[in-house]
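Biologist: Please take a close look at the ligand site in this model. Then place that site within the rest of the chain.

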Amino acid sequence: MCGIVAYIGNKEAYPILINGLKRLEYRGYDSSGIAIMQGNKISLYKSRGKVSDLEAYCADKNLSSTMGIAHTRWATHGEPNDQNAHPHLSEDSKLALIHNGIIENYLILKQELMNRGYVFESETDTEVLVHLIRDIYEKEKVELAEAVRLALTNVIGTYAIAILSVDNPDELIIAKKGSPLLIGIGENEYFVGSDGAPIVSHTKKVVYLEDGEVAVLNAKKALTIKNIKNEKKRPYIQELEMNLEELEKGKFEHYMLKEIFEQPKAIRDSMRGRLNVKKDVVSLGGIIEYEEKMLNARRFIIVACGTSWHAGLVGEHLFESLVRIPVEVEYASEFRYRNPIIYEDDVVIAISQSGETADTIAAVELAKEKGATVIGICNVVGSTIARLTHAGSYTHAGPEIGVASTKAFTAQVTVLVLMALSLARKKGQIALSTYHQLINDLESIPSKIEKILKQNEHIKEIARYFVGKTNAIYLGRGVNFPMALEGALKLKEISYIHAEGYPAAEMKHGPIALIDEEMPVIVLATEQETYDKVVSNIQEVIARKGKIISIVTESDTIVKNMSNFYIEIPQTAELLTPLVASVPLQLLAYHVALLSGCDVDKPRNLAKSVSVE
Ligand code: F6R
């Protein structure tokens, strides 16, 4: 969603800002803008569309400045156009502000400001902030940072903001609540980013601003931070865990393809230091202190959204089969609003690649309020969910830039497998032979994925069949049912083909009505307990002239003969199948989208980090 980059120092700000915006493009956006301080005035440039449109618009302008703020906007309040794009200016053009998040009480604040004569130029919630801050600054005759703090005490909602002010030309003011904001610390310079991507090429020394904090960045002075109660806070400098190469596409045409191909490495990184087959050890350092609570849990409640929710459904199979503790998997957005029953001996597991998904954050807060233990599984180090939860395990998949989640998903499942195995062993619930088979199998997953990736061209050929199709059905049973959901989600989000995932046996309770000779039916028919049942489900599709595209185990003979197309995956323990079966589904969606002319990395309307409800 929206992205923030800002700079104050002794270098030219514009190249830092525009390149920072390019690094933030992956988050999803529909307009962008820049404000720079030039002498005693703020110069403002905004454009609907891509950052390259803004860059073209700025090409012939004098952009010399050592201080500025820049923003990519993902429209919420008001359509994507130049007026609604950030930065927004105060009426006297002395203040410019950018904002991520949502001001929930903006209508009340707007009305109050309009009653006092303020005229609004945009439909955004953000514009109230700039007028409110300017109003307090003028009336209260306080320092700008104090005016910002006072203004924010009136605000309900979430924000990460950065402000330029003509009256304070040596200061950049930033503040946050609910939306992330990082300060990069250089030599007599500061960088600001809504994540590490626009900062990492400049410095790895960062301070994560906490909720309710307001910081003053002056290139000639040390960083000062105050909380909303006006108490001084000591900045805690950390090392940014991100590498520049991880943010580049390298030899790949798209980030999504790169990230699909990175899965063997991502899974090895997820297992590093946690799985040691020779020593017979599975251990997740991040949750050790909470392991007793997990072992004695009344139940696990997994909360997540989208692809992470699908990982949660796989987790349900893993935990129930191996640890024998009941599991509920909840959409975070539903969980938070239905007054759920949460016991103090429940363990809530929040899964989120970004660690910034608004609904998952709210679910975590609710579970904590009710006294449950909350464990996080996040990819982004230092993200909000990672910091809010009692304990957790990072997935260590590396930055995921493609909007459609791929390597983060398989890394989430890897962590869930490790967690389930470690708990099952400690609880004494798992037969030693099963445990050994699973840890051996888990270790071999990366090489199995490498084998699947060699079928890229074959999968591309199959993808041709999908071009021009408008619907698809994905079927799977048991642990393959979440894979049917995930395969369908991947296809619809990047190729815009309508796709549904169903438990294979559910098909005859409704969706079978859709099957005719035009309907591609992707069936996960790998070696599993219900294999014969899946074969019957395939017969039902064939009898209605549906086209079968199957994911089968290499040794399969039956389903291969029934399929119009098939993709082989290496034999794997049933519970670990999602780790391998998801890969051909990702590649299929990728090639269908590419052949259909879609923007694979930045599908329409989607954002990488869904930081609004
Ligand atoms: C789909 C996808 C989304 C995310 C969802 C949750 O490919 O990426 O469905 O999985 O928005 O995001 P996180 O995991 O960041 O909480």
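Modeller: The ligand site comes first, then the domains, the sheets and two backbone details.

This is a predicted model: local features need pLDDT of at least 70, side-chain atom pairs count only at pLDDT 80 or more, and totals for chains, interfaces and linings use all residues. Residues are numbered from 1 along each chain as its sequence is written, and side-chain values use heavy atoms, with hydrogens and water left out.

Start with the shell. The ligand is surrounded by 15 residues. A residue counts as near if one of its heavy atoms lies within 4 Å of the molecule. The closest are Ser308, Ser352, Ser354, Thr357 and Glu493. By class, the shell holds 5 nonpolar, 8 polar and 2 charged residues. Here Ala, Val, Leu, Ile, Met, Phe, Trp, Tyr, Cys and Pro count as nonpolar, Asp, Glu, Lys and Arg as charged, and the others, Gly among them, as polar. Two helices, α9 (306–323) and α16 (481–495), each supply at least two shell residues. Helices (H or I, at least four residues) and strands (E, at least two) are DSSP runs, numbered from the N terminus.

Now the polar contacts (pairs of N or O atoms within 3.5 Å; within protein, one must be able to donate a hydrogen and the other to accept it, and residues adjacent in sequence count only if both atoms are side-chain atoms). Thr357 places a polar side-chain atom 2.4 Å from a ligand oxygen. For Ser308, a side-chain N or O atom is 2.5 Å from an oxygen atom of the ligand. Ser405 uses its backbone: an N or O atom there lies 2.9 Å from a ligand oxygen. On its own the ligand has 410 Å² of accessible area, and the protein covers 90% of that. Accessible areas come from the Shrake-Rupley method with a 1.4 Å probe; for residues, only the protein chains shown count as cover.

Next, the domains. The chain is divided into domain 1 (3–246), domain 2 (251–449) and domain 3 (455–601). These bounds come from an automatic or database domain assignment. The ligand lies between domain 2 and domain 3, because both give residues to its shell. Taken over C-alpha atoms, the centres of domain 1 and domain 3 are 45 Å apart.

Then the sheets. One is an open, parallel sheet of 5 strands in the order β19-β18-β20-β21-β22. Two strands pair if DSSP finds at least two bridges between them. Its edge strands, β19 (327–331) and β22 (391–394), each pair on one side only. Strands β18 (residues 299–304) and β20 (residues 346–352) run parallel, joined by 5 bridges. Phe300 has Val347 in β20 as its bridge partner.

Another open sheet is antiparallel, with 8 strands in the order β3-β2-β4-β1-β10-β9-β11-β15. At its edges stand β3 (41–48) and β15 (237–239), each with a single partner strand, so one side of each has no neighbour in the sheet. Strands β1 (residues 3–8) and β4 (residues 67–73) pair in the antiparallel sense over 6 bridges. Ile8 has Met67 in β4 as its bridge partner.

Last, the backbone. Most residues other than glycine have a negative phi, and most peptide bonds are trans. The peptide bond from His86 to Pro87 is cis, with omega near 0°. Pro87 sits in the loop between β4 and β5 (88–89). Asn230 is not a glycine, yet has a positive phi of about 75°. Asn230 lies in the loop between β13 (224–226) and β14 (232–233).
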